[in-house]
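Please open the model in your viewer and keep the sequence panel beside it, since each stop on this tour asks you to select something and then look around it.

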Amino acid sequence: MAFFSKLFAGLSKTRAQFDDSLDEIFSRETIDDDFYDDLEELLILADIGVTATENIIEGLKDDAKSLRIKSPNELGTHLAEKVREQMSTCEADYEFEERKSVVLVVGVNGVGKTTTIGKLAARYRSEGKKVIMAAADTFRAAAQDQLAEWADRSGAYLITGRDGQDPSSVVYDAVNAARSRDTDICLIDTAGRLNNKKNLMEELKKMNRIIEREYPEAYKETLIVLDGATGQNAVNQAREFKDATDVSGIVITKLDGSAKGGIAIAIQSELSIPVKFVGVGEGIDDLQKFDADEYVKALFYKEGYTKDADDEEE
Ligand code: GDP
């Protein structure tokens, strides 16, 4: 199945929460306070978050005023546009792909870090890039085995550590290998323990120091992986990690089947960090760059809609 179809199917539960209510709201006679209040409530219920919802409602009010829009139906087309504006990424968000870079991948256990690294490695390998994956999650033997499997599949070079070895020493080995082998992208899997924030901060700081010291010329990217099915909790996790380290991008996994797919908007707006990738399954092709346009369509458009048909209309 093509990626968009998976995203569209994956967000069906989220979309189902909107479908009838959005229709009802946008088919009303007049734009009044009730209209805005009901729309606001609906967006908040769909996990879009308070900040993003307020921005969207304000944007709609501005449009209604400046464009003299009188009918809710007409304003409806502006809703998707507001979300799209909020979520758009730019070329600079993916600069790490163009440079020799070290990508630290953080997030709590089980969100899909290792899988995401595997998929990214496969993606960059297929573009002919030299890739190193480093298993700095030395607390979980399974994570090392999992990465080894992805390394086999993608042809990426793998750096591992012994069980319980200091994760930073794996980072040390990885960045030195990346430098000496003239590697394009070095992807580092980290342990996802959040039970002790101080330790986490110290560990991430240490890793950053090592990267900075051993490979100062590398472009540094820190991606946080969040489980798109966990709703508000994902926003809290992102906040904790943002406090601990400079997070430069967000990956949202498990958007296949999530009833909380609106959370991508909440996370992006609460933290002002762009969502750069989304995952819609466990397969090698199930991770793609975030596309605001596709996301909005998958979130708001009804069943029966196909992207191709829409593209032809445009
Ligand atoms: P980690 O502990 O953060 O490294 O998480 P893992 O990479 O081990 O992933 C945990 C589980 O989530 C595994 O079973 C993955 O196959 C699964 N997973 C990862 N990404 C996705 C996704 O986008 N969709 C679905 N359905 N499962 C995923």
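The tour begins with the whole chain, moves to one strand and its partners, and ends at a single residue.

**The whole protein**

Show everything as a cartoon first, bearing in mind that this is a predicted model. As you turn the view, you can look for 13 helices and eight strands. The C-alpha trace spans about 65 × 40 × 30 Å along its principal axes, and the radius of gyration is 21 Å, which agrees with the value near 20 Å that a compact globule of 314 residues would have.

Now switch on a surface for the protein, which exposes about 14,000 Å², with 44% of that area supplied by carbon and sulfur atoms. Of the 314 residues, 54% count as buried. If you colour the charged residues, you will be looking at 40 positive and 61 negative charges, whose mean positions lie 7 Å apart. Contacts can be displayed as well: among those between residues at least 6 apart in sequence, 78% join residues at least 24 apart.

**Strand E4**

Hide the surface and select residues 185–189, which make up strand E4. Is this strand enclosed by the rest of the structure, or is it open? Five of its five residues are buried, so E4 is largely enclosed by the rest of the structure. The cover is found on both faces, with Ile185, Leu187 and Asp189 buried on one side and Cys186 and Ile188 buried on the other.

**The partners of E4**

Keep E4 in view and add residues 101–106, strand E1, which runs parallel to E4 and is joined to it by five bridges. To find one place where they meet, pick Ser101, whose bridge partner in E4 is Ile185.

Next add residues 131–135, strand E2, which also runs parallel to E4 and is joined to it by five bridges. Here the residue to pick is Met133, which stands opposite Leu187 in E4.

**Val106**

For the last stop, return to strand E1 and select Val106, which has its place there. Val106 counts as buried because its relative accessibility is 0%, and the cut-off for that label is under 20%.

Which residues does Val106 touch, not counting those up to four places away in sequence? Selecting its surroundings should bring up Lys113, Thr190, Leu204, Thr222, Leu223, Ile224, Val225 and Phe241. Finally, draw a distance from the C-alpha of Val106 to the C-alpha of Leu226: these two residues are 120 apart in sequence and 9.1 Å apart in space.

Technical notes: Residues numbered from 1 in each chain as written. Predicted model: local features only at pLDDT ≥ 70, side-chain atom pairs only at ≥ 80, totals over all residues. Heavy atoms only, no water. Buried < 20%, exposed > 50% of the residue type's maximum accessible area, 1.4 Å probe, protein only. Helix = DSSP H or I, 4+ residues; strand = E, 2+ residues; numbered from the N terminus. Pairing = 2+ DSSP bridges. Rg over C-alpha atoms; globule rule 2.2 N^0.38 Å. Contact = heavy atoms within 4.5 Å. Areas by Shrake-Rupley, 256 points an atom, 1.4 Å probe, with all protein chains shown as cover. Lys, Arg positive; Asp, Glu negative; His and termini not counted. Charge placed at Lys NZ, Arg CZ, Asp CG, Glu CD.
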